[in-house]
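Reader: Could you take me through one part of this structure up close? I'd like to hear how the aromatic side chains and their surroundings fit together.

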Amino acid sequence: VPAGVKWIWVRMVGGGQGGGGSDSGGGNTGGNTTFGSLTAGGGAGATQSASGTASGGDINVSGSPSSAAPIPDSTYSFSTAGASSPFGAGGPDGGSRTNGYSFGGNGVAATGYGAGGGGAVCTSGRSSGRGGASGAFLEKLIASPSASYAYAIGAGGAGSPGAGNYTGGNGSGGLIIIQEHYNY
């Protein structure tokens, strides 16, 4: 922390989970973002209700799970997009739709920071992958900052290859924003 800093405001998000490939749940878990004793967990989970959690902040917000479970169908199946974070958009699913038909495709990578990757869309009777959950978010005002802090930025989770032809999109990495406040 530079000399003269009176207080700091920390905002951070964990890495987003990768999207699931065809015939798989979600992709790989996003990494935790840490700053001193603060932790914004990475996006995780193979169920709709799971996501990253945050601890130590004045405001702690769990990450968002993907919007819904993949829908298997004997002919076509649809995936879900990855969950968005306060600093990034979730990746869209990998399918294309023309005249009411679905065509398979790889999930798309998330953009920005802390968002989940899109799930793959599969055809020919396989289940599509679940979109990745977003990383958790937190804010903390540190009124008497220490001289230094250990920190780590969570990596985005890789998309899962799955058992079929299509892979999930990668989640985006975490982020730490620190504002320093001085009293002149």
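**Around the aromatic rings**

Author: Happy to, and bear in mind that this is a predicted model. Let's start with H181, which sits in strand β10 (residues 175-182). H181 has a relative accessibility of 23%, so it counts as partly exposed. Setting aside residues up to four places away in sequence, H181 touches G4, V5, K6, W7 and W9. Take W9 from that list: 172 residues separate it from H181 in sequence, yet their C-alpha atoms are 8.1 Å apart in space. W9 also has R11 to deal with, as the charged end of R11 sits over the W9 ring, 4.1 Å from its centre.

Now for the ring pairs, of which there are two. In one, F35 and Y149 are stacked, because their ring centres are 4.6 Å apart and their planes meet at 25°, under the 30 degrees that stacking requires. F35 belongs to strand β2 (residues 33-35) and Y149 to the loop between β8 (137-142) and β9 (151-152), so this pair ties together parts 114 residues apart in sequence. F35 is buried at 6% relative accessible area, whereas Y149, at 22%, is partly exposed.

F87 and F137 make a tilted pair, with 5.9 Å from centre to centre and 55° between the planes. Here too distant parts of the chain are linked: F87 is in the loop between β5 and β6, F137 is in strand β8, and they are 50 residues apart. F87 is partly exposed at 24% relative accessibility, while F137 is buried at 10%.

One last stop is S85, in the loop between β5 (59-61) and β6 (96-98). S85 is buried, at 11% relative accessibility. Beyond its neighbours within four places in sequence, its contacts are V13, Y113, G114, A115 and S134.

How values were computed: Residues are numbered from 1 along each chain as its sequence is written. This is a predicted model: local features need pLDDT of at least 70, side-chain atom pairs count only at pLDDT 80 or more; totals for chains, interfaces and linings use all residues. Side-chain values use heavy atoms; hydrogens and water are left out. Helices (H or I, at least four residues) and strands (E, at least two) are DSSP runs, numbered from the N terminus. Buried means under 20% relative accessible area, exposed over 50%, partly exposed in between (1.4 Å probe, protein chains only). Contact means heavy atoms within 4.5 Å. Rings of Phe, Tyr and Trp (its six-membered ring) pair if their centres lie within 6.5 Å; planes under 30 degrees apart count as stacked, over 60 as edge-to-face and the rest as tilted. A charge sits over a ring if NZ of Lys or CZ of Arg is within 6 Å of the ring centre and within 35 degrees of the ring normal.
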